[in-house]
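My notebook is open and I want to look up a few things, one entry at a time. I'll start with some strands and work outwards from there.

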Amino acid sequence: MYSSQTSEVRKREVVSHFLAEITQEAMEIDRQNTPSTGEGKQESKTIVVLLMGPPGSGKSTFCDEVIRISARPWARICQDIINNGKSGTKIQCLSSAATALKEGKSVFIDRCNINKEQRADFLKLGGPQTEKHAIVLDIPAKVCISRSVKRTEHEGKLQGGKAAAVVNQMLSKKELPKLSEGFNRITFCQDERDVKEAIGVYGSFGPLDSLPSGCFGQKMLDTKTQQGIMRFLKKVDPSGNAGSGPTVVEKSITNEIPVKRLGKGDKLDIASTSGDVDSCNIYTLAFPSISTADFQFNLERASDIIVEKVEEFVSRIGKSKIRLLLVDLSPESKILSMVKTKAVQKNVGSNKFFTFVGDITRLRSQKGLQCNVIANTTNWRLKPGGGGVNAAIFKAAGPELEIATKERAETLSPGKAVVVPLPSSSPLYTREGVTHVIHVLGPNMNPQRPDCLKGDYGKGCKILREAYSSLFEGFLSIAQGVGSEHNIERPLESGGVQEVIPTNDDLKTKRGAVYESDKNKKYKGSGGATKAWGSWAQALYNIAMHPDKHSNVVLEAQVHLLVLARADGLDSIADVRREHIPLLKTMHAVGLKWAEKLINENGSLLFRLGYHSVPSMRQLHLHVISQDFESSHLKNKKHWNSFTTPFFLDSVDVMKELEDEGKVTLKNDSKFLEMELRCHRCRSAHPNIPRLKSHISSCQAPFPAALLQNGRLVSSEVTANFCN
DNA sequence: GTTCTAGAAC
DNA sequence: GTTCTAGAAC
């Protein structure tokens with residue numbers, strides 16, 4: 001923090017020093033140009049014209065057109081090409097502009113100049129005689145994006161899907177210029193006609209002419225609101241529809257949720273342009289509108305209350321990585337569009353609140369949207385059935401939810417909520433990554449249902465508010481790790497083998513998770529026995545040596561579990577000899593049993609069983625890892641490569657080599673961990689982890705042939721059995 | 001393992 | 001300007 005501040009200060013010093021110099025030079029020029037006698041001869045004055053607008057708004061075209069028809073000497077200072085045709089820095093622009101002014105040229109500052117801060121230094125250029133103008137190309141975002149996307153030879157190399165991201169990003173920072181910043185004249189252009197007109201004005205603006213000061217062309221438009229909306233949207237509308245009008249904006253909100261995978265193939269780049277593939281780090285509550293379906297609560301009132309309660313909650317949580325998602329199955333949902341409109345009007349939620357069309361029980365599997373907690377609008381008996389969300393959630397979660405619910409509460413009063421941790425065996429947990437269901441009971445206005453309020457909206461609104469408060473409170477308590485009691489399973493009794501399932505829970509709850517890592521550079525290549533282990537690398541050893549103290553250490557995870565050997569002194573595959581074959585077989589059998597159990601629960605899972613060539617944690621452990629690699633803990637190249645390159649030794653191969661050779665010869669090669677990132681299925685290469693993750697979330701290519709042999713890949717189709 | 005951060009990449 | 005990686009410290 002300190003050092004970054006220092007460097008920022010230093011940067012400013014450099015800039016202001018530099019500015020002082022060029023300003024002085026410009027003033028000298030001005031003095032030379034200013035006639036010392038009071039003769040009436042009019043001198044030509046230089047002007048600095050700052051273009052302002054996102055990529056695709058037509059800044060360069062504007063300059064080119066004016067320069068083409070103008071009698072005045074101009075220089076176009078374009079940040080995109082200032083560095084020998086490549087993009088350069090603001091300082092280069094300032095320097096180049098100062099030089100041009102010195103030569104008596106007027107200058108166009110052709111860069112986005114999107115906010116006051118970006119413009120400030122350019123307004124210091126030249127002397128007091130130098131006029132400062134702004135041309136604001138306030139063109140609809142939609143137009144800018146489509147232009148940016150279409151261009152193939154743009155100087156700034158801003159092409160394709162990235163353009164949408166950049167345009168939106170920039171618009172979120174837009175601050176229209178004001179005369180008070182130091183401008184003599186500001187021209188606003190909102191469409192092509194305005195632009196043409198301005199080109200005409202500046203094109204015929206001769207060296208000796210002057211233009212009236214002030215603001216021109218600004219239409220009635222509440223830019224404050226626009227900015228608010230842009231901030232609300234923050235991220236990109238992947239469809240490129242982010243516009244400045246509220247109609248477009250509403251659509252954007254729906255699309256705005258970062259989605260890992262919308263479809264297949266052609267839409268793959270959506271994730272990368274939305275720039276939020278790490279959205280799994282945001283703790284999310286998905287909730288249906290309470291009471292507005294079967295309980296027939298008035299939509300107008302309900303939407304007011306939702307917006308009110310969300311606003312209240314969002315202001316409380318500050319910058320926490322938490323978000324709320326109002327979900328409805330129907331794209332035509334009235335409540336969704338009403339809430340959307342009101343949220344936009346009130347500018348609620350910033351990037352913390354979204355509306356979303358989808359099945360609340362399938363947000364991850366269908367929409368690629370990870371929600372940690374979902375709310376269930378239930379009935380007073382907390383029982384399945386009744387149709388709607390309640391039936392769907394109980395059905396999707398399986399009997400596990402019923403049982404877990406029963407342990408918590410038998411009934412629920414209107415306005416109240418109950419938090420139920422979902423057992424890891426629930427399909428909603430394994431398939432969707434949902435860790436908790438919060439049952440909430442809203443007020444009922446339907447005479448066919450119990451506790452009907454008979455139109456008493458005084459009471460009804462109070463209860464509905466209370467219901468949302470209870471719901472959000474429950475969510476917050478989970479998010480903060482308070483009251484999150486996780487179900488604990490007993491480890492299987494299996495001879496000298498202890499199992500640990502590390503969690504891939506996004507939250508740091510109080511349960512202590514043990515994660516497997518790949519390696520600790522210092523120990524690279526060293527054998528197992530003499531290795532010095534860091535304290536965290538000891539964790540598995542401690543569990544294996546003292547299982548009594550850790551008898552209930554089974555940490556939940558959807559996709560990755562470890563089978564530990566209890567033998568002391570056996571830290572890695574390098575230590576393993578022929579006599580350990582029975583142990584390895586047992587470990588394999590245990591791993592396989594778990595894999596099959598998990599596959600039974602979720603037929604789409606595929607597993608590989610194997611060892612790391614050089615483990616990062618001591619105590620021999622077998623990885624049983626599902627091949628979806630959907631985990632927020634998979635963060636870097638080493639993680640990925642440790643499971644998808646020959647660094648990962650399939651258990652079946654290890655056992656075979658032990659039988660044939662008596663030991664396992666390690667290639668002992670760290671190069672595997674440094675290899676480029678390749679999809680484990682189709683082997684395509686990807687530049688970084690987020691892009692890779694985005695790809696693997698939808699890649700359905702068959703696995704490489706080698707994996708399909710000898711039972712290396714365990715799936716619902718393959719019933720590999722290497723033990724017994 | 002996590003967190004922090006500089007600087008590279010975009 | 002933002003995103004991403006990788007190295008260092010813990």
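**Entry 1: a strand with neighbours on two sides.** I began at Phe-607, which stands opposite Ser-626 in β16. A note to self before going on: this is a predicted model. Phe-607 led me to strand β15 (residues 607-612), which is joined to β16 by four bridges, and the two run antiparallel. Then I looked for another partner of β16 and found strand β14 (residues 560-565), antiparallel again, with five bridges. In that pairing, Leu-562 is the residue opposite His-623 of β16.

How many of the six residues of β16 are buried? I counted six of the six in residues 621-626, so the strand is largely enclosed by the rest of the structure. I also checked the two faces separately. His-621, His-623 and Ile-625 sit on one side, Leu-622, Val-624 and Ser-626 sit on the other, and all of them are buried.

**Entry 2: another covered strand.** Next I went to strand β1 (residues 47-52), where six of six residues are buried. Its faces are both covered: one side has Ile-47, Val-49 and Leu-51, and the other has Val-48, Leu-50 and Met-52. Which way does β1 run against its partners? With strand β4 (residues 131-137) it pairs in the parallel sense, over six bridges. Val-49 is the one facing His-133 in β4. With strand β3 (residues 106-110) β1 has three bridges, and these two strands also run parallel. There I noted Val-48 opposite Val-107.

**Entry 3: a helix with a buried side.** I moved on to helix α3 (residues 90-102). Its 13 residues reach 18 Å from the first C-alpha to the last, close to the 18 Å expected at 1.5 Å a residue. Which residues of α3 are buried? My list reads Cys-93, Leu-94, Ala-97, Ala-98, Ala-100 and Leu-101. These cover an arc of only 165 degrees around the axis, which puts them on the same side of α3. Just after the helix I came across Gly-104, with a positive phi of about 85 degrees.

**Entry 4: a helix of 21 residues.** I did the length check on helix α19 (residues 581-601) too. At 1.5 Å a residue it should span 30 Å, and its end C-alpha atoms are 30 Å apart, so the two agree. Plenty of names went on my buried list for α19, among them Leu-584, Met-587, His-588, Trp-594 and Leu-598.

**Entry 5: the largest pocket.** I got a volume of about 810 Å³ for the largest pocket. Of the 39 residues lining it, Ala-293, Asp-294, Thr-377, Gly-388 and Val-389 are the closest to its centre. Which element gives the most to the lining? That would be α14, with four residues. I also wrote down that β8 (322-328), α12 (334-346) and α14 (388-397) each supply at least two. Sorted by class, the lining comes to 18 nonpolar, 14 polar and seven charged residues.

**Entry 6: far along the chain, or not.** Phe-62 belongs to helix α2 (residues 59-69). Is it buried or exposed? Its relative accessible area is 0%, so it is buried. I then looked at Phe-62 and Ile-199, which are 137 residues apart in sequence but have C-alpha atoms 6.5 Å apart in space.

I did a similar lookup for Pro-423, in the loop between β11 (417-421) and α16 (427-432). Its relative accessible area is 15%, so Pro-423 counts as buried, because the cut-off is under 20%. From Pro-423 to Thr-435 there are twelve residues along the chain, and their C-alpha atoms are separated by 7.7 Å.

**Entry 7: positive phi without glycine.** Most residues other than glycine have a negative phi. That made me jot down Gln-296, which is not a glycine and has a positive phi of about 55 degrees. It lies in the loop between β7 (283-287) and α11 (299-317). At 43% relative accessibility, Gln-296 counts as partly exposed.

My last lookup was Asn-710, with a positive phi near 55 degrees. I found Asn-710 in the loop between α23 (689-696) and β20 (713-714). Its relative accessible area is 47%, so I put Asn-710 down as partly exposed.

Conventions. Residues are numbered from 1 along each chain as its sequence is written. Chains are lettered from A and ligands numbered from 1 in the order in which they are written. This is a predicted model: local features need pLDDT of at least 70, side-chain atom pairs count only at pLDDT 80 or more; totals for chains, interfaces and linings use all residues. Side-chain values use heavy atoms; hydrogens and water are left out. The expected span of a helix is 1.5 Å times one less than its number of residues. Buried means under 20% relative accessible area, exposed over 50%, partly exposed in between (1.4 Å probe, protein chains only). The arc is that of the directions from the helix axis to the C-beta atoms. Two strands pair if DSSP finds at least two bridges between them. On a 1 Å grid over the protein atoms alone, a cavity is a set of points where a 1.4 Å probe fits but cannot get out, and a pocket is an open set with protein on both sides within 12 Å along at least five of seven lines; lining residues have an atom within 4 Å of a point. Grid points are joined across faces, edges and corners, and a volume is the space filled by probe spheres set on the points. Ala, Val, Leu, Ile, Met, Phe, Trp, Tyr, Cys and Pro count as nonpolar, Asp, Glu, Lys and Arg as charged, and the others, Gly among them, as polar.
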